Amino acid sequence: MSSTPETFLIPKIKYSAILNVISKGFHVDRRAIMEYRQINITYNVAPNADSSVLLRLGNTQILAGIKLEIGQPFPDSPDEGILIVNAEYIPAASPVYEPGPPDENAIELARIIDRSLRESKAIALDKLSIVSGKKVWSLWLDIYVLDYDGNLIDASMLASMAALATTYIPYYEVDQTTGIVKVDRSRKSMPLPINRYVVTVTISKIGDYMVVDPIGEEEAVASGSITFSISEDNCIVGIQKRGMGVFSIDEIEKVMEIALNKGKEIIELLKKLTMNIK
Amino acid sequence: MKLNKIKLIAEDGRRIDGRLPEELRPIKIDIGILKNADGSAIVEYGATKVLAAVYGPREVVPRHEELADRAIIRCRYRMLSFSTQGERKSPAPSRREIELSKVIREALEPAILSNQYPRTAIDIFVEVINADGGTRTAGITAAAVALADAGIPMLDLVVAVAVGKLNGVLVVDLNGLEDMNSEADMPIAIMPSLGKITMLQLNGVLTPEDFRKALLLAINSINKIYELQKEALRRKYLTVEE
């Protein structure tokens, strides 16, 4: 059962101070209200994965990894690879996260990323068939939140996209008589085919102000947020409003404009950061 | 995913069930159908049938979950095992149901004056009896009237409807088949008198222009459903008076 979350006391006491800074057009860490924190990506942090990325967005840290396995296609799409997205908030990431199966927040996070990648056709799943109708690549994308300081969705989406963009399909051979597929992970056959980049832009509402990329403290006093998934071709490929706040129609239109502008900017930055890797 | 395999909009602009793009399915709202629950309602959007029941404000069990300054709202969305087309749905909560429980709670919570009942819980149960597209939207519409039926003070009712895109045409209130084959499906919940959006999701691809148009389309339909909600509430409380 989904239950009203507890609000934390310290940010509540600091609420007017935070609001005061934001009303002047700045984040608590002195960035402009519409500016993201620095994005830093480390590649190949887990060499056993087919691709792995440690992404830092300020103090928020996300680990995203990809494993490619040979699986069976779904009967309604016999020539398409399979994408499976999971997310977990590990207990090391915050004093309030507890061990156990993913909670509603982690499930929501994984499903937002799953939908954004799937609906935009960001990955060319139709090029991941091995033996038509029998064998395809299954792409397991696993996201672990390592350290929490706000804006987990945007950070996770960036980490996922960076990991996907640097994934290589291992060398494989199909035995024509037995149909057995032999995989040699020490060699690469081709990069994972990507149709287009997708990022999310989450806009949080603090008081009556709209901000992007809040730190944890700011996020704790935000009434709600809206995540827009934006594709390279400037389409909206997913939306999710979260939290207990409300948005007027005018606010939604304003938020959409922000998301489209910021989305374009971040996609360009991400492309630069993933270029020439491996 | 499987775009344009099925023709969803005919030459005369009608949809597979004969509706025009901006036409809702027949909507039925029945209030107070359970004896034990403090508030209850069944809402039908065409063949989609959803039951909502509300208990509370009541004591919080377990005690440590209570909040000193407000009531906690708890919500569970669930599909009955036989509610789906085709195979039986496993009764274990799916990831989709866990996400939707949260989304529905967050859609209703802004409307409830929860600070009037500190240290209590308000429980909302949404049970999908028959699923044919739009179960979360029908669930929100049902839960809002069930909350009103339970006598819980609210800022406004909440109404939800989905807007989608079929073969390039924007339509409202998608049925199951349309939902499965749509280019986009965007459920929205609004507090109609206040004009505040409490839920917004998009599954699919929309251009910024389509998104603006879809919002306007949703508001139009939501006002129609809002009238039906109010009429259903009046119907119940007028019979009690007589």
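This report walks through a sheet shared by two chains, the helices beside that sheet, and the contact between the chains. Please keep in mind that the model is predicted.

**The shared sheet**

Let us begin with the strands. An open sheet is built from 6 strands, and its order reads E1(A)-E4(B)-E5(B)-E3(B)-E2(B)-E1(B), with mixed pairing. Who stands at the edges? The edge places go to strand E1 (2-3) of chain A and strand E1 (27-31) of chain B. Each of these has a single partner strand, so one side of each is left without a neighbour in the sheet.

Here are the two pairings in which the edge strands take part.

| Strand pair | Sense | Bridges | Facing residues |
|---|---|---|---|
| E1(A) and E4(B) | antiparallel | 2 bridges | Ser2(A) and Cys75(B) |
| E1(B) and E2(B) | antiparallel | 5 bridges | Ile31(B) and Ala41(B) |

To find these places in the structure, look for E2(B) at residues 39-45 and for E4(B) at 72-79. On the chain A edge, Ser2(A) has Cys75(B) in E4(B) as its bridge partner. On the chain B edge, Ile31(B) stands opposite Ala41(B) in E2(B).

**Helices of chain B**

Now for the helices. Helix H1 of chain B, residues 95-108, lies across E1 of chain A together with strands E4 and E5 (120-130) of chain B. The helix runs at about 135° to E4(B).

H1(B) also packs against helix H2 of chain B, which covers residues 135-149. Their axes are 10 Å apart and make an angle of about 45°. How are the two helices oriented to each other? Angles outside the roughly parallel, antiparallel and perpendicular ranges count as oblique, and H1(B) and H2(B) are therefore oblique to each other. The crossing of H1(B) and H2(B) is right-handed.

Which residues of H1(B) meet H2(B)? They are Leu100(B), Val103(B), Ile104(B), Ala107(B) and Leu108(B). From H2(B), the residues include Arg136(B), Gly139(B), Ile140(B) and Leu147(B). By class, this helix contact has 9 nonpolar, 1 polar and 1 charged residues.

**Where the chains touch**

Finally, step back to the contact between the chains. Chain A gives 32 residues and chain B gives 33 residues. On the chain A side, the elements giving two or more residues are E1, helix H3 (104-119), strand E13 (236-243), strand E14 (247-248) and helix H6 (249-274). E13(A) provides the largest share of that side, 8 residues. Sorted by class, the side of chain A that touches chain B has 14 nonpolar, 9 polar and 9 charged residues.

Key:
Residues are numbered from 1 along each chain as its sequence is written. Chains are lettered from A and ligands numbered from 1 in the order in which they are written. This is a predicted model: local features need pLDDT of at least 70, side-chain atom pairs count only at pLDDT 80 or more; totals for chains, interfaces and linings use all residues. Two strands pair if DSSP finds at least two bridges between them. Helices (H or I, at least four residues) and strands (E, at least two) are DSSP runs, numbered from the N terminus. Two residues are in contact if their C-beta atoms, placed from the backbone, lie within 7 Å. Axes are lines fitted to C-alpha atoms, for helices over the stretch in contact, and angles run from 0 to 180 degrees between N-to-C directions. Ala, Val, Leu, Ile, Met, Phe, Trp, Tyr, Cys and Pro count as nonpolar, Asp, Glu, Lys and Arg as charged, and the others, Gly among them, as polar. Angles under 35 degrees count as roughly parallel, over 145 as roughly antiparallel, 65 to 115 as roughly perpendicular and the rest as oblique. A crossing is left-handed if the near helix is turned anticlockwise from the far one by less than a right angle, and right-handed if clockwise.
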